[in-house]
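Please walk me through this structure in the viewer. Tell me what to select at each stop and what is found there.

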Amino acid sequence: MRTTGSWYNVRAEEDGAMLKCRLRGKFKIILDKKKITNPIAVGDRVVWEWEDKPENIGMITNILPRENYIIRKSVHKKAGHSHILASNVSQAILIATLAYPRTSLGFIDRFLVTAQSFDIPAKIIFNKTDLLEEGGMAILQQLKNTYEPLGYACLFTSTITGEGIDAFHALLKDKISLLSGHSGVGKTSLVNMIAPGLNLPTKEISDFAEKGVHTTTFAEMFELEPNTFIIDAPGIKELGLVEIDPKELHHQFPEMSSRFSACKYYNCIHVNEPNCAVIDALNKGEIAQSRYLSYLSMLEGDDNRR
Ligand SMILES: Nc1nc2c(ncn2[C@@H]2O[C@H](COP(=O)(O)OP(=O)(O)O)[C@@H](O)[C@H]2O)c(=O)[nH]1
Ligand SMILES: [Mg+2]
Ligand SMILES: [Zn+2]
């Protein structure tokens, strides 16, 4: 659920009790040819045994295979090392707002690409619908029409009117969800609507991370209700830092991955090649302009994370 240096807060599966554990022995800290600085991450399923039961201290003896994991480059350790932010994530949920603050489409697309590259299903929640006039709601509906056919479910919520709160609750149920989004979009407010007692203590850490202070930004998992977890990952902007080979980028755009085999050139990157199936679809209006612009921007490696 949480780590502090060499101690791990572990939730016992049998009864949900929390205990503190250390790690026994050496564990493989090379993953997909990357050197990893932390052997265990939030979300890991582990095997443990008692070391000192009266003191509630255990020993981790094994780490079970990960369904997926989010990895990023370490900022404060040696170059060439990576850090596992979280593992076994059922879904990555982006909380976005059209205004106050505005979440850019570039940021949304970068988040989706990153989640896709880690094999984590992604969903988008557009919060603060109470602040939108008719025109704003029409834009939201257009975004939903763009994203849902690509496999990214969208939900409209407001913590003021209560719109979508039951659906948000249902979305999280029995899953491990990573919640992200810019500061101020309403993450804490939304979680408080469905789990008032939880009192997410994340504010300061996230704010630090956003100011670029290199605090240790370990993720933390919270149990909203039995079997329903959320992962609060400070400095989640780092989710935009994944490195994807430009030639591979189109795999992370569902509307492109379903089409590029029809391009004339096998190595087409859909910029100005002739007989490009992606550009044809764009011209026919079958691919959203905004998505294509995000693709171009990521292709150029623009640091367009805000
Ligand atoms: N109008 C409106 N304000 C909201 C809504 N949700 C949150 N807020 C406000 O937005 C501000 C930031 O909310 P907070 O939950 O702290 O955002 P976080 O930084 O993402 O955790 C607070 O002043 C909230 O009261 C909403 O649905 N509508
Ligand atoms: Mg908050
Ligand atoms: Zn092409």
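Two strands count as paired if DSSP finds at least two bridges between them. With that in mind, keep in view that this is a predicted model.

**The whole chain**

Begin with the protein chain in cartoon form, which shows eight helices and 15 strands. Of its 306 residues, 47% count as buried. Among contacts with a separation of 6 or more, 63% are between residues 24 or more positions apart.

**The five-stranded sheet**

Select β1, β2, β3, β7 and β6. In that order they make an open sheet with mixed pairing. Which strands stand at the edges? They are β1 (2-4) and β6 (46-52); each has a single partner strand, so one side of each is left without a neighbour in the sheet. From one strand to the next, the twist averages 35°.

Now go through the pairs. Strand β2 (residues 7-11) is antiparallel to strand β3 (residues 18-23), with four bridges between them. Pick N9 and find its bridge partner in β3, K20.

Next, β3 meets β7 in the parallel sense, again through four bridges. Select R22, and opposite R22 you will find M59 in β7.

On to β6 and β7, which run antiparallel and are joined by six bridges. Here V46 stands opposite I63 in β7. The two strands form a hairpin with four residues between them, and N56 in the turn has a positive phi of about 65°.

Stay on strand β7 (residues 57-63) and colour by burial. Five of its seven residues are buried, so β7 is largely enclosed by the rest of the structure.

**The four-stranded sheet**

Select β4, β5, β9 and β8. This is an open sheet of four strands in the order β4-β5-β9-β8, and its pairing is mixed. At the edges are β4 (30-31) and β8 (69-73), each with a single partner strand, so one side of each has no neighbour in the sheet. Strand β9 (residues 81-87) runs antiparallel to β8, and five bridges join them. To check one bridge, select K73 and look for its partner S82 in β9.

**The nonpolar cores**

Show side chains as sticks. In soluble globular proteins, nonpolar side chains tend to be buried together. The largest nonpolar core here has 40 residues, and those with the most contacts inside it are I108, L112, I124, F126, Y147 and I231. Which helix gives the most to this core? Helix α1 (residues 105-117) does, with five residues.

Centre on L112. Leaving out residues up to four places away in sequence, L112 touches A122, I124, Y147, Y152 and R291.

A second, separate core has 18 residues, including F260, C268, V278 and L282. C268 leads to the last stop.

**The zinc ion**

Select the zinc ion (ligand 3). Which protein atoms are its donors? They are C263 (SG), C268 (SG), H270 (ND1) and C276 (SG), at 2.0 to 2.4 Å from the ion. Along the chain, these donors follow the spacing C-x4-C-x1-H-x5-C.

Why is the arrangement called tetrahedral? The four donor atoms around the zinc ion subtend angles of 102 to 116°, which makes it so. Four donors count as tetrahedral if all angles lie between 85 and 135 degrees. For comparison, the ideal angle for four tetrahedral donors is 109.5 degrees.

Finish by colouring the site by burial: C263 and C268 are both buried.

Notes: Residues are numbered from 1 along each chain as its sequence is written. Chains are lettered from A and ligands numbered from 1 in the order in which they are written. This is a predicted model: local features need pLDDT of at least 70, side-chain atom pairs count only at pLDDT 80 or more; totals for chains, interfaces and linings use all residues. Side-chain values use heavy atoms; hydrogens and water are left out. Donors are N, O and S atoms within 2.8 Å of the metal (3.2 Å for Na, K and Ca); water is not among the atoms, so sites may look incomplete. Four donors count as tetrahedral if all angles lie between 85 and 135 degrees; four count as square planar and six as octahedral if opposite donors are over 155 degrees apart and all others between 65 and 115; anything else is irregular. Buried means under 20% relative accessible area, exposed over 50%, partly exposed in between (1.4 Å probe, protein chains only). A nonpolar core is a set of buried Ala, Val, Leu, Ile, Met, Phe, Trp, Tyr and Cys residues joined through side-chain atoms within 4.5 Å. Contact means heavy atoms within 4.5 Å. Axes are lines fitted to C-alpha atoms, for helices over the stretch in contact, and angles run from 0 to 180 degrees between N-to-C directions.
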